[in-house]
Amino acid sequence: MCRITATGKEAAVARFLQEFPDAPRAGRDHPALRGCDDIAWADFGCPAGVPALLRGLLDPAAAAEAERVLCNVLMDGVFTMGPAMPAALPFLLRLAADPAVPVRTELVEVLFVVAELSHPVDGGSERAIRFLGSDRAHPERARCRAVFFEHAELVRGLLDDRTLPDGLIPPEERASLLKAAAA
């Protein structure tokens with residue numbers, strides 16, 4: 001399975017910062033990002049530049065690339081969240097709740113993926129465990145569910161938000177988000 005290495009993540013952040021050197025200043029004072037500099041991202045195997053990527057989501061010129069790189073940094077593979085996802089999730093939820101965020105729609109879609117990947121894996125299904133790994137091997141699932149639960153009001157607000165494009169939240173994704181927030 002395709003894995004994203006720590007070296008690859010560092011290189012992607014470095015390329016982003018080289019291409020968009022002003023992006024980290026864009027969201028310096030945004031309330032949704034309060035505390036993002038206080039997290040020891042390296043403890044999760046992430047580059048120290050995660051706060052710069054989060055702030056880059058607020059820079060209209062850099063937002064799309066910041067979102068792409070951030071997703072690669074927070075994921076360890078196609079169907080595997082990295083250990084930093086639970087730490088980043090509160091910031092993603094708060095940013096997705098802000099209609100002024102340039103990549104808001106994309107962040108809502110990221111939340112769908114995180115919610116779906118956060119659900120417990122059926123321990124009796126050898127196929128599911130082989131494909132997704134056991135919950136014991138992936139504690140980030142339970143941690144993400146706890147974050148969704150803690151921020152359930154934001155989740156419900158997103159689901160009721162009339163400023164999001166019609167059809168963005170189909171019934172399956174709505175159910176997945178609600179299930180994750182009900183942990």
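Let me start with a pocket: the residues lining the largest one divide into six nonpolar, one polar and five charged. Before going further, please keep in mind that this is a predicted model.

So, which residues are they? The lining of the largest pocket is made by Leu-158, Leu-159, Asp-160, Asp-161, Arg-162, Leu-164, Pro-165, Asp-166, Gly-167, Leu-168, Ile-169 and Arg-174. Which element gives the most to that lining? That is helix 9, residues 152-160, with three residues. As for volume, the largest pocket comes to about 160 Å³.

Now to the charged side chains. Side chains of opposite charge can pair when their charged atoms come close. How many salt bridges does a search of the whole structure find? The count is six, and I'd like to walk you through some of them.

Take Arg-25 and Asp-22 to begin with. Their side chains meet in a salt bridge, with 2.3 Å from N to O. Arg-25 is exposed, at a relative accessible area of 53%, while Asp-22 is partly exposed, at 47%.

Next comes Arg-55, which has a salt bridge to Asp-37, with 3.2 Å between the closest N and O atoms. Where do these two sit along the chain? Arg-55 is in helix 3, residues 50-56, and Asp-37 is in the loop between helix 2 (23-26) and helix 3, so the pair links distant parts of the chain, 18 residues apart. Is Arg-55 buried or exposed? Its relative accessible area is 6%, so Arg-55 counts as buried, the cut-off being under 20%. Asp-37, on the other side of this salt bridge, is partly exposed at 47%. There is a further partner here: Arg-28, Asp-37 and Arg-55 are linked in a network of salt bridges.

My third example stays within one helix. Glu-65 and Arg-68 form a salt bridge, and their closest N and O atoms are 2.6 Å apart. Both residues belong to helix 4, residues 63-74, and they are three residues apart, about one turn of the helix. Glu-65 is partly exposed, with a relative accessible area of 23%, and Arg-68 is partly exposed too, with 40%.

Let me turn to a polar contact. Which side chain does the side chain of Asp-76 contact? The partner is the side chain of Lys-9, at 2.7 Å. Asp-76 itself is found in strand 1, residues 75-77. With a relative accessibility of 17%, Asp-76 counts as buried.

I'll finish with two exposed residues and how far they lie from other places in the chain. Gln-18 belongs to helix 1, residues 6-19, and is exposed, with 67% relative accessibility. From Gln-18 to Met-75 the C-alpha distance is 22 Å, and the two are 57 residues apart in sequence. Asp-29 is in the loop between helix 2 and helix 3. Why does Asp-29 count as exposed? Its relative accessible area is 70%, and exposed means over 50%. Between the C-alpha atoms of Asp-29 and Ala-142 there are 30 Å, with their positions 113 residues apart along the chain counted as the separation.

That's my tour, everyone. Thanks for listening, and I'm happy to go back to any of these places on the screen.

Technical notes
Residues numbered from 1 in each chain as written. Predicted model: local features only at pLDDT ≥ 70, side-chain atom pairs only at ≥ 80, totals over all residues. Heavy atoms only, no water. Salt bridge = Lys/Arg side-chain N within 4 Å of Asp/Glu carboxyl O. Buried < 20%, exposed > 50% of the residue type's maximum accessible area, 1.4 Å probe, protein only. Helix = DSSP H or I, 4+ residues; strand = E, 2+ residues; numbered from the N terminus. 1 Å grid on protein atoms, 1.4 Å probe; cavity = no way out; pocket = protein on both sides within 12 Å on 5 of 7 lines; lining within 4 Å. Points joined across faces, edges and corners; volume = space filled by probe spheres on them. Nonpolar A, V, L, I, M, F, W, Y, C, P; charged D, E, K, R; others polar. Polar contact = N/O pair within 3.5 Å; in protein donor to acceptor, adjacent residues only side chain to side chain.
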